[in-house]
Amino acid sequence: MKKIISIDIGSTWTKCGLFVLAASGLKLERRLAVPTTQDNLVRGFSQALSGLLGKDVNTPLKELVGAAEIYFSSSAKGGLRIAAIGLVPDLTLQLARLAAMSAGGKVIASFAFSLTRSDLQTLEKLQPDILLFSGGTDGGNSRYILENARKLAGSALSCPVVYAGNRAVAEEVADLMNKKEVIVTENLMPELGQVNLEPVREKIREIFLKRIVNGRGLSEIVELSGSQPRPTPLAVFELISVIPGYQPEWSDLAAIDIGGATTDFYSNTESYLETDTVVLKGLREPKVKRTVEGDLGMRVSARSLLDSGWPYLEERLRELGPGAEELKNYVEKISRDLDYLPRSEEECLFDRLLAETCVYHAALRHAGGWKETYTPQGRVYVQTGKDLRRVRAVIGSGGFLSAADSAGVMRFPLQKLKACGQERKLLPEQAHFYADRQYLFSLLGNLVEKYPSEAAALAVASLEKLNDEE
Amino acid sequence: MEKHAIVLGVIGADCHSVGNKILELFFTAEGFKVVNLGVMVSQQEFINAAIETDARAILVSSLYGHGEIDCQGFRDLCLEKGLDRILLYVGGNLVVGKTPFAIVEEKFKKMGFDRVFPPDVDLKKAAELLKQDIKERFGPDSQSSRDNGQPAGPDKSNPEAEASAPETREPRG
């Protein structure tokens, strides 16, 4: 029997779990959450460990770490801030954005074609954690790439630059930008339409480690625990990636994680099935995909959610009764008091509507669509984006969805979405809905590298199936 | 020497895929790096692909008779998107009915296409023309866009001149 501890250092809460690994598999022994100590993470970390192990709070970290194997992740203040540069918006830029998101980052700005002076100013002002620089197939366009490299070289940008563009000019790009930290990796689109995100994701992860470990006591934790942190969303991404391999009946799945600031949407399903009547336009998206929406969230992003999601919210208010003013006042209240929990029935309903809106828009942006076209050869569907129709399990995670008591909060907005617009949205057709009741996904994600089959087994076993109450 | 990239596809709502596959095989065998976009390709998709791959030419096929509408404004869009010098070829059953080919050819040349081919064209001949045209427009050793990609002064400042260029470069009517 082996004791394993997994810790997820979030921006406000440090969540942790003590697991036991026996012949029968992985079991959750105990879990708890303590406030994150932002100024010095060691304190919160020690507190979490002593709590899990039932030791005195003042036990030094050195003694605590010997008692179990330790893995941990850090949300890094809402994730790595990545700026993406590509050439054509629908091609390399779209892939750069996807690569950044599936590496656990969030895209704070993206630029296509030539960088303008104001683009450079924007970049300098934003000071991203990483600049992901792509464009051109291997042996393809180099003119825009070199021009942008020259401009970036002259900018006041100080972050590391990951170059994942046309291989033919990689060395030249590195030379031009020799005053910056340039990390050259494989092209994310070596041939037109060929998607190669893994090398970029790996480089982003390496940079995350280097950057995040510096300061706030994390290096001490790394040294004592003997393990490296990973970005929290990457941990979940990795868990979603391995589940179908070890749990074949969970072969097509999606997960929605609604937090206070962002909504993450993960899917693991084949993005396009070729048939005579369906033609794919644009890139064939990867089987495992994550998108993250910075304007959709339950608290920090509640105001922007109100803006982005107003038409949906308005329609729901009309159906359910409460007034628009009341909802707006509620959003003002929770934006000021981020830890606020609903106290009345109406406030509970408002939180539910906000969560529905997050699901609606996150799904809208994640899923692809079919447009019906009549051709001389008959009716044809033109597909863009990812096909989620075969997804059989949709998992809700994050504060609100983990606590959901019925499937409606996810099923309902997805149904509404199907009926909207002329394009048919490729959403799950016969899915069951589940809640990550114990909020284990990010904790188990930390264990994937070492214990993939055990983590996958416990992940699906820990889910609670949600029924429709309505 | 690096191969020249060319972009291939069937434009519009046209699903004829057999000829498209044949063209891909043929031009690959002829030594081109073929970027095949398949069927039902829009002008924007052709152009996006040509930008990313630094293609020398776009070869547009149309079999279903609506080619004229589908190809309208193609050259203009190329210019708008900064593809100042790309070669545009078009071929197939370009219009409905029995219009004499000379009229069809003239129509498409006016739209800015460099070469227009009837359905029964000898592919070997088309490939020879393509190699020749690439050499003429991009110079004998034009593997990388650094040699030619920087738009020459007059091209950029006077797109009109470039727009009519294919015709003036074309020796035949």
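Among contacts in chain A between residues at least 6 apart in sequence, what percentage join residues at least 24 apart? The figure is 70%. Keep in mind as you look around that this is a predicted model.

Let's start with the whole chain. Chain A contains 17 helices and 20 strands. Its radius of gyration is 23 Å, close to the 23 Å that the globule rule gives for 470 residues, so chain A is as compact as a globular protein of that length. If you turn the C-alpha trace along its principal axes, you will find that it spans about 65 × 55 × 50 Å. As for the interior, 50% of the 470 residues of chain A count as buried.

Now zoom in on a single residue, A:Val182, which sits in strand β9 (residues 182-184) of chain A. A:Val182 counts as buried because 21 other C-beta atoms lie within 10 Å, and the cut-off for being buried is 20 or more. Which residues does A:Val182 touch, leaving aside its neighbours within four places in sequence? Its contacts are A:Val161, A:Tyr163, A:Val173, A:Ala174 and A:Met177. Look also for A:Phe133: A:Val182 is 49 residues from A:Phe133 in sequence, yet their C-alpha atoms are 9.7 Å apart in space.

Finally, move along to helix α15, which covers residues 408-418 of chain A. Buried in this helix are A:Val409, A:Met410, A:Arg411, A:Pro413 and A:Leu414. The buried residues of α15(A) pack against two helices of chain A, α13 (345-366) and α14 (398-402), and also against the strands β11 (253-258), β17 (393-397) and β19 (432-435).

Key:
Residues are numbered from 1 along each chain as its sequence is written. Chains are lettered from A and ligands numbered from 1 in the order in which they are written. This is a predicted model: local features need pLDDT of at least 70, side-chain atom pairs count only at pLDDT 80 or more; totals for chains, interfaces and linings use all residues. A residue is buried if 20 or more other C-beta atoms lie within 10 Å of its own, exposed if 12 or fewer, and partly exposed in between; C-beta atoms are placed from the backbone. Helices (H or I, at least four residues) and strands (E, at least two) are DSSP runs, numbered from the N terminus. Two residues are in contact if their C-beta atoms, placed from the backbone, lie within 7 Å. The radius of gyration is taken over C-alpha atoms; the globule rule is 2.2 Å times the number of residues to the power 0.38.
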